[in-house]
Amino acid sequence: MAESKKYEIAVVAVPQYIAEQSDPANDNYVFAYTITIDNVGTVAAQLISRHWIITDAGGEVQEVRGLGVVGRQPLLQPGEQFVYTSGCQLDTPVGTMRGSYQFTAVDGKQFEADIPEFTLAVPHVLH
């Protein structure tokens with residue numbers, strides 16, 4: 001089997017604007033995002049750390065690195081998924097997030113899973 005299929009993680013993000021926690025008059029926009037991490041490979045792997053690149057509409061970039069996600073480092077067997085919800089705050093009503101998760105497979109191989117870029121936007125701001 002090809003190496004790329006052996007160590008393969010699919011990531012899907014669903015963002016949501018949290019109006020009740022936001023304060024647009026003071027340039028404070030809060031977003032939640034639900035992430036589904038799917039082990040579509042053939043080897044069990046543990047999520048070790050994360051790296052996020054968050055960009056607001058003004059081009060300001062924040063990088064966030066840390067161990068695990070929501071305080072966990074899930075071990076995903078082939079075919080298993082892990083779903084969690086987290087959030088971020090922006091100074092603009094629109095922004096993007098992208099990044100990667102770092103995994104260690106049970107056989108010791110370390111690899112990354114890309115988090116495809118997704119848009120954070122206040123409803124009806126984008127056409």
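Below are legends for a few views of a single protein chain.

This is a predicted model, in which local features need pLDDT of at least 70 and side-chain atom pairs count only at pLDDT 80 or more, while totals for chains, interfaces and linings use all residues. Residues are numbered from 1 along each chain as its sequence is written, and side-chain values use heavy atoms, with hydrogens and water left out.

**View 1. The whole chain has 1 helix and 8 strands.** Starting at the N terminus, the order is α-β-β-β-β-β-β-β-β. Helices (H or I, at least four residues) and strands (E, at least two) are DSSP runs, numbered from the N terminus. The C-alpha atoms fit a box of roughly 55 × 25 × 25 Å along the principal axes. Of the 127 residues, 39% are buried; that word means under 20% relative accessible area, with exposed over 50% and partly exposed in between (1.4 Å probe, protein chains only).

**View 2. Here is the largest nonpolar core, with 30 residues.** Such a core is a set of buried Ala, Val, Leu, Ile, Met, Phe, Trp, Tyr and Cys residues joined through side-chain atoms within 4.5 Å. Ile35, Ile37, Trp52, Tyr84, Met97, Tyr101 and Phe103 touch the most other members. Strands E1 (9-17), E2 (29-39), E3 (45-56), E6 (81-90), E7 (94-105) and E8 (110-121) each give two or more residues to this core.

**View 3. Zoom in on Trp52 and its contacts.** A contact means heavy atoms within 4.5 Å. Skipping residues up to four places away in sequence, Trp52 touches a set that includes Tyr33, Ile35, Tyr84, Met97, Tyr101 and Phe118. Gln62, Glu63 and Arg98 are also among the residues that Trp52 touches.

**View 4. Asn39 sits in strand E2.** Asn39 counts as buried because its relative accessibility is 1%. A polar atom of the Asn39 side chain lies 3.0 Å from the backbone oxygen of Val43. Leaving out neighbours within four places in sequence, Asn39 is in contact with Glu8, Ile9, Ala44, Ala45, Leu76, Gln77, Pro78, Gly79 and Glu80.

**View 5. Asn28 is found in the loop between E1 and E2.** With a relative accessible area of 19%, Asn28 is buried too. Not counting residues up to four places away in sequence, Asn28 touches Gln21, Ser22, Asp23, Gln89 and Leu90. Asn28 and Val12 are 16 residues apart in sequence, and their C-alpha atoms are 25 Å apart in space.

Terms used. Polar contact = N/O pair within 3.5 Å; in protein donor to acceptor, adjacent residues only side chain to side chain.
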